[in-house]
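Visitor: I've got a chain up on my screen and would like to talk it through. Can you start me off with how the pieces get their labels?

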Amino acid sequence: MKILRFKSFFIACALAAGPLSAGTVYDSGKLSFTTETPQSMWGEGNATRFEGTERLGVDISGSQTINGIAGSVTSSTIPTNPLWFAWKTCKSTVNIFCGSEPSRNNKTVTIDTRTGASVTASSDGFIGAEVSYLLDGGSVNADLDYRAQAVIPDVGVGEAFNLNPLSEWVDGELSAQTPTAGASLGTYLDLDLGVSGEFCFFGAGCEETGTLKVIDTGVQRQEIVGIDPSGVRYLDGFIPGVTIEQGLLDQTAELSAGVSVTGPSVSVTVTSKNEDGSEKKTTIKAGVPIDISTKVASASIVFPEDSGTAGLSGDEINLGLRSDFLSAGIDLDAVVPIIPVGGFSIGLGPLSVTANAYDVEVGPSLDVFQNLKLVSDLHVDLSFDKEVEVSGSGKVSSWSGLWKNLPDFKVFEKTEFTPLFSVVSSLMNTTGLSLGFDLTASLFEIGASIDFGIVNVLNETLGPLFEKTIPLTEDFLTFDLFDKEFSLTGFETVRGASFIVDPDGPGGPAAVPLPLGVWLMLTGIGALGVAGRRRRAAFA
């Protein structure tokens, strides 16, 4: 039905240009525009974002040899022809009738006197530190889909015509990431250590051994410290089941009232003598303190970090982000005499146990909100392979503007039109604080923890079976901290298919002919008085 409604409207627009005897329709198909890099949510241009991992250390590739081989390999050349030895004797004795020197028939003799062994140790790899970092000043990404159509009429030479353009914002998506930062520092180890040897025996030569792998760690990483908006991590994953973490930006404080007593104690008495000979007794008592308390009030601060995605609705995209920032509350069951206290906490050294039958808390809350609105339109850079007369501009070789605002054209010969599509978009960012009052109720919650300073070896909670926050006054008061509208850039461009306008000729390959029966119908309806020259409409 959507396609039928669009075609009907398109036919009406074609009629508004005047009666035509024949014609074609140009259809661009889906035109997708995507931001090539994250864009800033605070102003025009790319977002401020730094992210990466660097290695700092030393390359340990190398080798060292311990040589314990003595002796050497020598080679000598000796003659082997008996006639040569006879000739040599003749020459050294009688020295007559010896004749000429015969061939020596030399032979090379090798003598190997090497004895002992050598050992070679080789290493390969890297030892050092690895640093990871992320800084995002707040970014958005957009993905927009359009479709464009136009009527290519049959015209005469120098006859003014309009393409009656139509465009539709078919689909779109806007995603956002509020400002965030993080970093980590850890060790990086990749060590490969091997040993090989060579053994030599007198007269038997030498033989090499294979390489024995002494150490082959592969790549080993261990984070030492990491930081993000939620807190600081220490030796993450080093001890299985143990979390070493300290909150940094997300903090919660509680005000409690209660009593502190000393539990079972051990007494040790030391007896000594004074100078006058009398006994002196010193008693030392060691006990475990027991704290019993109930929560009276609480406050928390949270680093506002959020991300989200929204799609096209009507002719715009609206994305709302909201996160907790600051909240405070007072326990009604602890401060109102007519309501029994619903919970308590017991601390016994590093062990603490919390039990709540019910908890009712009321207080103000401050949230950070961010409302983003994206509006967009289809733009075109239209180029011509021949000069075209454009209404208001004279004879030109190109025209730029919104597709919906294509002017009247005049062609004087067969001309190819080539569109380069882009989008013109603007983003409105309204960021502020919202004050409200909330009531939070929960039922049945039990928790236990064992905490030795920064090492937490147990932190388990059962429940609550029911928990709900009820806004008493939502957005009681709002403060706009930032309110600005700016161009959203960074989109890819899309080259559309070319089409041809030929005086008294057919359209180009990208054009789709309209059936003759349709044009006969259009001519009949046009005779009823459908007038108007140009008209813009969205796809239904």
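Guide: Sure. Strands here are DSSP runs of E with at least two residues, helices are runs of H or I with at least four, and both are numbered from the N terminus. Keep in mind that this is a predicted model.

Visitor: Okay, where does F444 sit?

Guide: F444 is in strand β23.

Visitor: And what's odd about the backbone of F444, given that it is not a glycine?

Guide: F444 has a positive phi, about 55 degrees. Most residues other than glycine have a negative phi.

Visitor: Is F444 buried or partly exposed?

Guide: F444 counts as partly exposed, because its relative accessibility is 37%. Buried would need under 20%.

Visitor: Which surface patch does F444 belong to?

Guide: A nonpolar one: F444 is there along with I446, L443, I292 and F344, among others. Together the patch residues have about 1000 Å² of accessible area. The elements giving two or more residues to this patch are β19 (343-348), β20 (351-390) and β23 (415-452).

Visitor: What about I446, which strand is that in?

Guide: I446 is found in β23. With 35% relative accessibility, I446 counts as partly exposed.

Visitor: While we're in β23, what does the side chain of S434 contact?

Guide: The side chain of S434 makes a polar contact of 3.1 Å with the side chain of R322. S434 is found in β23, and it counts as buried because its relative accessible area is 2%.

Visitor: Back to odd backbones. What is the phi of N105?

Guide: N105 has a positive phi of about 50 degrees, although it is not a glycine. N105 lies in the loop between α2 (82-92) and β6 (107-112). At a relative accessible area of 43%, N105 is partly exposed.

Visitor: Let's do α2 then. Which residues of α2 are buried?

Guide: W84, W87 and C90 are buried in α2. Looking down the axis of α2, the buried residues fall within an arc of 120 degrees, so they line one face of the helix.

Visitor: And which residues are exposed on the other side of α2?

Guide: P82 and S92 are exposed there.

Visitor: What caps the N-terminal end of α2?

Guide: N81 does that job: one of its side-chain oxygens lies 3.2 Å from the backbone nitrogen of L83.

Visitor: Switching to charges. How many salt bridges does a search of the whole structure find?

Guide: The search finds 13 salt bridges. Side chains of opposite charge can pair when their charged atoms come close.

Visitor: Give me a few. What does R104 pair with?

Guide: R104 forms a salt bridge with E101, and the closest N and O atoms are 3.6 Å apart. R104 counts as partly exposed at 40% relative accessibility. E101 is partly exposed as well, with a relative accessible area of 42%.

Visitor: And D112, what is its partner?

Guide: D112 forms a salt bridge with R114, with 3.0 Å between the closest N and O atoms. D112 is buried, having a relative accessible area of 15%, whereas R114 counts as partly exposed at 25%.

Visitor: How far apart are the closest N and O atoms of D228 and R233?

Guide: They are 2.9 Å apart, and D228 and R233 form a salt bridge. Here the acid, D228, is partly exposed with a relative accessible area of 24%, while R233 is buried at 18%.

Visitor: Which residues are linked in a network of salt bridges?

Guide: R49, E51 and D136 are linked that way.

Visitor: New topic: hairpins. How do β10 and β11 pair?

Guide: Strand β10 (residues 180-201) and strand β11 (residues 205-208) pair in the antiparallel sense, over four bridges. The two form a hairpin with three residues between them, and G203 in the turn has a positive phi of about 80 degrees.

Visitor: What stands opposite C200?

Guide: C206 in β11 stands opposite C200.

Visitor: Last one: where is T493?

Guide: T493 lies in the loop between β25 (466-487) and β26 (494-495). T493 counts as exposed at 51% relative accessibility. T493 and F421 are 72 residues apart along the chain, with 5.8 Å separating their C-alpha atoms.

Key: Residues are numbered from 1 along each chain as its sequence is written. This is a predicted model: local features need pLDDT of at least 70, side-chain atom pairs count only at pLDDT 80 or more; totals for chains, interfaces and linings use all residues. Side-chain values use heavy atoms; hydrogens and water are left out. Two strands pair if DSSP finds at least two bridges between them. Patches are made of residues with over 30% relative accessible area and no salt bridge: like charges are joined within 9 Å, nonpolar side chains (Val, Leu, Ile, Met, Phe, Trp, Tyr) within 5 Å. Accessible areas come from the Shrake-Rupley method with a 1.4 Å probe; for residues, only the protein chains shown count as cover. A salt bridge is a side-chain nitrogen of Lys or Arg within 4 Å of a carboxyl oxygen of Asp or Glu. Buried means under 20% relative accessible area, exposed over 50%, partly exposed in between (1.4 Å probe, protein chains only). The arc is that of the directions from the helix axis to the C-beta atoms. A polar contact is a pair of N or O atoms within 3.5 Å; within protein, one must be able to donate a hydrogen and the other to accept it, and residues adjacent in sequence count only if both atoms are side-chain atoms.
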